[in-house]
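Thank you all for making time this morning. I would like to walk you through one model, element by element, so please keep the structure open while I talk.

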Amino acid sequence: MSKLKTVEEIKDLEIAGKIIKDVFLQIEKKIKPGITSIELDKLAYDIIIKANAIPLFLNHEGFPNTICASPNNIVVHGIPNDNKLKEGDIITIDVGAKYNKMCVDAARTFAVGKISQEDQKLIDLTDESLNLAIKAIEPGKKIGDISNIIETFFKKFKEYSISSEYVGHFIGENLWEEPVFPNKGKKGTGLELKAGMTFCVEPIIIRGKDQLFVDPFDKWTVYTKHKGKACHIEHTILVTKKGAKIIV
C-alpha cells in the first residue's frame, strides 16, 4: 500500500515531476518526421541523469531503455529503435524518474507532423476523460469513482475501447505500488482517497476492440491485433486537502 507522503517526500516528488516535465518539453520540440525513438530515448536519459535523478524504467524488470516509445498501434511498452517516425504518426512517450526516494511516472501521446482528424480526436478524448477524472479527485472519494468517470465518458463513443489489462497504480518509493486500479469501475468502491496519497491515472484508449498481443520476441511491446491506433496519457497525482495536484 502506498503510504501518505511527508512534506519532504512531496518536495522530492515535485522535483522529479519538474524533471519529467522538462523531458516532455524537450521531446515535443524534437518530435518531427525523420527522428527516431532511440534519439528521444537518449535525450530523456541525458536530462534525467543531468538532474541527478534515476531513469525509472531503465532495467526495470529487464526493460532496456529510459522511455517506452509506442507509435500508432503499439499500445504500451514499446522499445525505442532506429525506425524513423513518419508524417501522420502518433507516438506515446512513457517515462519515469526517481529523485531521492520518490518516483514519478507519466505519459503523453504526441503528433508527428500533421495527423488525421480521427487521430487528433483519439488524443483529445483521452485527455478530456483524464482531466474529468482528475477534477473529481479529493479526500473521501473512492478510487472506483475515478475509474467510473473514465468508463462513463467513453460509453458515448462506441468506436473506442478502454484497455482492461493495462491500468493505473499507486506510486511512491516504488514505481508500482498497491492498489492498482482499472480505467473502469463502480462508484463508491475501492480504496478511500486521503490527502498525501500519490497515484497514476492513465487512460489507455484504443480505436477498435480491446484485443492485444505481446511481441513474442522482445516480450515487451504490446500491439492491437486489428492495427487500430492507441492513445495513452498519464499523470502522477498528489491528493491534497483541496483536491488533486498534478505532479507531472
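**Two helices and the strands around them**

Let me begin with the helices, where α3 passes α4 in a right-handed crossing. What you have on the screen is a predicted model, and please keep that in mind throughout. Helix α3 covers residues 117-135 and helix α4 covers residues 143-154, and their axes come within 8 Å of each other while crossing at roughly 145°. On the α3 side the contact is made by L125, T126, E128, S129, L132 and A133, and on the α4 side by I146, I149, I150, F153 and F154. If we sort the residues of this contact by character, eight are nonpolar, two are polar and one is charged.

Staying with α4, how many of its 12 residues are buried? The count is nine, so α4 is largely enclosed by the rest of the structure. The buried residues of this helix are I143, G144, D145, I146, S147, N148, I150, F153 and F154. As for what surrounds them, the buried residues of α4 pack against α3 and also against the strands β6, β7, β8, β9 and β10.

The end of α4 leads us to the aromatic residues. Across the whole structure, a search finds 11 aromatic pairs, and I will show you two of them. In the pair of F154 and Y160, the ring centres are 6.0 Å apart and the planes stand at 75°, so this is an edge-to-face arrangement. In the pair of F157 and Y160, the centres are 6.4 Å apart and the planes are at 65°, so that pair is edge-to-face too. Y160 has a relative accessible area of 8% and is buried, while F157 has a relative accessibility of 18%, and because the cut-off for buried is under 20%, F157 also counts as buried. Taken together, F153, F154, F157 and Y160 form one aromatic cluster.

Now to the sheets, beginning with the one of five strands. Which order do its strands take? This open sheet runs β8-β7-β9-β14-β15, and its pairing is antiparallel. Strands β8, at 177-181, and β15, at 243-246, are the edge strands, each pairing on one side only, and from one strand to the next the twist averages 30°. Helix α3 packs on this sheet, where it touches β9, β14 and β15, and its direction makes about 15° with that of β14. Within the sheet, strand β9 (residues 198-201) and strand β14 (residues 235-240) run antiparallel and are joined by four bridges; if you would like a pair to look for on the screen, T198 has L238 of β14 as its bridge partner.

There is also an open sheet of three strands, in the order β6-β10-β13, again with antiparallel pairing. Its edges are β6, at 160-162, and β13, at 230-232, each with a single partner strand, so one side of each is left without a neighbour in the sheet. Here the twist averages 20° from one strand to the next. Helix α3 packs on this sheet as well, touching β6, β10 and β13, with its direction at about 155° to that of β10. Three bridges join β6 to strand β10 (residues 204-207), the two running antiparallel, and among the paired residues I162 has I205 of β10 as its bridge partner.

Let me turn to the hairpin. Strand β4 (residues 90-99) is joined to β5 by 10 bridges, and the two run antiparallel, with D94 standing opposite A107 of β5. Two residues lie between β4 and β5, and in the turn N100 has a positive phi of about 55°. Strand β5, residues 102-111, is mostly covered, since nine of its 10 residues are buried.

My last stop is a single loop residue, N73, which is found between β2 (67-71) and β3 (74-76). Is N73 buried or exposed? Its relative accessibility is 18%, so N73 counts as buried. Leaving aside residues up to four places away in sequence, N73 touches V222, Y223, T224, K227, G228 and K229.

Notes:
Residues are numbered from 1 along each chain as its sequence is written. This is a predicted model: local features need pLDDT of at least 70, side-chain atom pairs count only at pLDDT 80 or more; totals for chains, interfaces and linings use all residues. Side-chain values use heavy atoms; hydrogens and water are left out. Axes are lines fitted to C-alpha atoms, for helices over the stretch in contact, and angles run from 0 to 180 degrees between N-to-C directions. A crossing is left-handed if the near helix is turned anticlockwise from the far one by less than a right angle, and right-handed if clockwise. Contact means heavy atoms within 4.5 Å. Ala, Val, Leu, Ile, Met, Phe, Trp, Tyr, Cys and Pro count as nonpolar, Asp, Glu, Lys and Arg as charged, and the others, Gly among them, as polar. Rings of Phe, Tyr and Trp (its six-membered ring) pair if their centres lie within 6.5 Å; planes under 30 degrees apart count as stacked, over 60 as edge-to-face and the rest as tilted. Buried means under 20% relative accessible area, exposed over 50%, partly exposed in between (1.4 Å probe, protein chains only). Two strands pair if DSSP finds at least two bridges between them.
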